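Reader: I have a model open and would like to learn how its labels are earned. Could you take me through a few?
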Amino acid sequence: MERLRVEFTTEPFDLDEAPAHAVVAREVIQSAGLDAVDVGPFGNTAEGGADAVLTAVDALLRQSLAAGATRVSLQVNVIGEGEK
């Protein structure tokens with residue numbers, strides 16, 4: 001099974017505190033059972049099997065938009081074994 005890496009950000013930004021859409025997006029990714037999850041104030045990444053990543057991306061988009069995101073930027077890459 002292919003492995004995928006997803007990188008994403010949600011907007012609008014708020015430098016004082018994380019907006020609801022950003023919190024929701026991070027919770028979705030952290031609870032999705034993915035590997036190598038890294039969340040930060042300006043970007044987030046996670047890796048996992050293709051099915052798990054694609055399921056998480058669907059939930060991420062739906063839930064963060066419902067929580068007020070006006071833009072979700074994401075990139076999905078196929079990664080080979082041992083690639084970081």
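Reader: Which residue is the bridge partner of Phe8 in strand 3?

Author: Asn44 is the partner of Phe8. A word on the source: this is a predicted model, where local features need pLDDT of at least 70, side-chain atom pairs count only at pLDDT 80 or more, and totals for chains, interfaces and linings use all residues. Residues are numbered from 1 along each chain as its sequence is written, and side-chain values use heavy atoms, leaving out hydrogens and water.

Reader: How do you know that strand 1 and strand 3 pair?

Author: Strands (DSSP runs of E, at least two residues, numbered from the N terminus) pair if DSSP finds at least two bridges between them. Strand 1 (residues 3-11) and strand 3 (residues 44-49) have six, so they pair, and they run antiparallel.

Reader: What makes strand 1 and strand 4 a pair?

Author: Nine bridges join strand 1 to strand 4 (residues 71-79), also in the antiparallel sense; the rule asks for at least two, so this is a pair too. Within it, Leu4 stands opposite Val78.

Reader: Why is Arg5 called buried?

Author: Buried means under 20% relative accessible area (1.4 Å probe, protein chains only). Arg5, in strand 1, has 13%, so it counts as buried.

Reader: What makes the link between the side chains of Arg5 and Glu47 a polar contact?

Author: A polar contact is a pair of N or O atoms within 3.5 Å; within protein, one must be able to donate a hydrogen and the other to accept it, and residues adjacent in sequence count only if both atoms are side-chain atoms. The side chains of Arg5 and Glu47 make theirs at 3.1 Å, so the distance fits.

How values were computed: Helix = DSSP H or I, 4+ residues; strand = E, 2+ residues; numbered from the N terminus. Buried < 20%, exposed > 50% of the residue type's maximum accessible area, 1.4 Å probe, protein only.
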